[in-house]
Amino acid sequence: MPAAKKTAAKSPAKKAASAAPGIPPHDLAPAPVVLLAGSEEALADRAFTALLTRMRELDPSFERTDVAAAGYQKGQLATWTSPSLFDERSLVLVDGVDAASEAFVEDVLEYLQAPVDTVVLVLRHRGGNRAKKVLDTARAVAGVAEVSCQPLKRDQDKVDFVLSDVRRARRSIDVEAARALVAALGSDLGELAAAVDQLLTDTEGTVTEDAVHRYHGGRREATGFEVADAAVEGREGQALVLLRHAEATGVPAVVVVAALASRLRQLAKVAGAGRGRPADLARELGMAPWLVEKAQREVRLLSPDGMAEAILAVAAADHAVKGGGAHAEHALEKAVRVVAAARR
């Protein structure tokens, strides 16, 4: 078999500059080494699908090998990546690099010094410190392509994800429609992407907020703080609806209670500090100025007796949801009602 070609040595700075991290998943193309780093499977799957598509375009008969890093035996990587007799293209997917043995780490670090030109080595690392040296070393090697597969945590990032998918399909979607879709399905990126595809199939022209509500109006992901905000603002009906949505989409009751308690603590702190400029009170209370200003407006609309009852109701709900009562769901609903009723 012909020997693998060695790349010319480069300084670490030049190597790092030549790496290509941050490639959008759908733009991933064949490279000697590909890193899929992060725990978001939807992004990793999308990147790998794009890679396979481009591999088939280059060589429909390329050879594919799927292996696991866990349980790796010394020397196996050399077998998987050996160039073929006629230098046909091949792809080797190594899954679970974050669970790799020391033997695999040693072999792949050696391989990275001289990747085989006709082989695409895909390293799937879901996070953690194990085998992190593989990622750090690969990122400093010329010709390495990396797709970040980190979870999208901010709602705006998910909205941008939806907008990007729709644009790639040469369609348009209202921003409010994208936000409504994220509100309904934002906790699961794979489900969110599938919903975008379905909406594009079932609608024509611009995707509107009405279309999103028509297909996904029965579902709404709500956070504990959304429930707390609605309750503190006296919107009892909406707070209870949000509570139902939170329960239906798996938000633990303890998280909702914690959000209610946090909001009441903020209000109590601001009420106890008396009058003053938000900036001055913010330094004194260790809160953001905008949060102090918001709390000042809310405190003026809360009755002292109602505030005291709300604190007691939330404390009772906290006790109940942590196993201290037989009717935790009822106690939480009562707490929401009492907090909302504290509004003058």
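# Notebook: a predicted chain, looked up piece by piece

I began with Arg170, which is exposed at a relative accessible area of 79%. The model is predicted, and I read everything below with that in mind. Arg170 sits in the loop between α6 and α7. I checked its backbone too: phi is near 60 degrees, a positive value in a residue other than glycine.

**Another positive phi**

I then turned to Ala131. Its phi is positive as well, about 60 degrees, although Ala131 is not a glycine. I found Ala131 in the loop between β4 (119-125) and α5 (132-138). Is Ala131 buried or exposed? It is buried, with a relative accessible area of 11%. Arg170, by contrast, is exposed.

I also noted Gly234, which follows α10 and has a positive phi near 80 degrees.

**The whole chain**

I stepped back to the overall count. The chain has 16 helices and five strands. Its radius of gyration is 27 Å, well over the 20 Å that the globule rule gives for 344 residues, so the chain is more spread out than a compact globule. I took the box along the principal axes: the C-alpha atoms fill roughly 85 × 50 × 45 Å.

Of the 344 residues, 42% count as buried. I looked at contacts with a separation of 6 or more, and 76% of them join residues 24 or more positions apart. The accessible surface is about 17,900 Å², and carbon and sulfur atoms hold 53% of it. For the charges, I compared the mean positions of the 44 positive and 47 negative ones; they are 6 Å apart.

**Strand β1 and its partners**

Next I went to β1 (residues 33-37). Five of its five residues are buried. In a regular strand the side chains alternate between the two faces of the sheet. I sorted β1 that way. Val33, Leu35 and Ala37 lie on one side, Val34 and Leu36 on the other, and both faces are covered.

Which strands pair with β1? I found β5, in the parallel sense over five bridges. I also found β4, again parallel and again joined by five bridges. On the β4 side, Val33 stands opposite Leu121. On the β5 side, Val34 stands opposite Ala145, and Leu35 stands opposite Glu146.

I checked the cover on β5 (residues 144-148) as well. Four of its five residues are buried, so β5 is largely enclosed by the rest of the structure.

**Helix α7**

I moved on to α7 (residues 175-185), the helix after the Arg170 loop. Its buried residues are Ala177, Ala178, Ala180, Leu181, Val182, Ala184 and Leu185. What covers them? The cover includes α6 (155-168), α8 (189-202) and α9 (209-216).

**Helix α10**

For α10 (residues 224-232) I listed the buried residues: Gly224, Val227, Ala228, Ala230, Ala231 and Val232. Their cover includes α11 (236-248), α12 (253-273), α14 and α16 (328-341).

**Helix α14 and what it touches**

As α14 is part of that cover, I looked at two of its residues. Glu298 lies in α14. Is Glu298 buried or exposed? It is buried, with a relative accessible area of 5%. Leaving out residues up to four places away in sequence, Glu298 touches Val232, Glu233, Arg263 and Leu267. I had already met Val232 as a buried residue of α10.

Gln296 is also in α14 (residues 289-299). It is buried at 14% relative accessible area, under the 20% cut-off. With the same sequence neighbours left out, Gln296 touches Val270, Gly276, Pro278 and Leu281.

**Leu281**

I followed that last contact to Leu281, in helix α13 (residues 278-285). Its relative accessibility is 4%, and Leu281 counts as buried. Beyond residues up to four places away in sequence, Leu281 touches Ala273, Gly274, Arg275, Gly276, Gly286, Val292 and Gln296. Gly276 appears in the Gln296 list too.

How far apart are the C-alpha atoms of Leu281 and Val270? They are separated by 7.8 Å, with the two residues 11 apart along the chain. I also noted that Gln296 touches both Val270 and Leu281.

Technical notes:
Residues are numbered from 1 along each chain as its sequence is written. This is a predicted model: local features need pLDDT of at least 70, side-chain atom pairs count only at pLDDT 80 or more; totals for chains, interfaces and linings use all residues. Side-chain values use heavy atoms; hydrogens and water are left out. The radius of gyration is taken over C-alpha atoms; the globule rule is 2.2 Å times the number of residues to the power 0.38. Buried means under 20% relative accessible area, exposed over 50%, partly exposed in between (1.4 Å probe, protein chains only). Contact means heavy atoms within 4.5 Å. Accessible areas come from the Shrake-Rupley method with a 1.4 Å probe; for residues, only the protein chains shown count as cover. Lys and Arg count as positive and Asp and Glu as negative; His and the chain ends are not counted. The place of a charge is taken as NZ of Lys, CZ of Arg, CG of Asp or CD of Glu. Two strands pair if DSSP finds at least two bridges between them.
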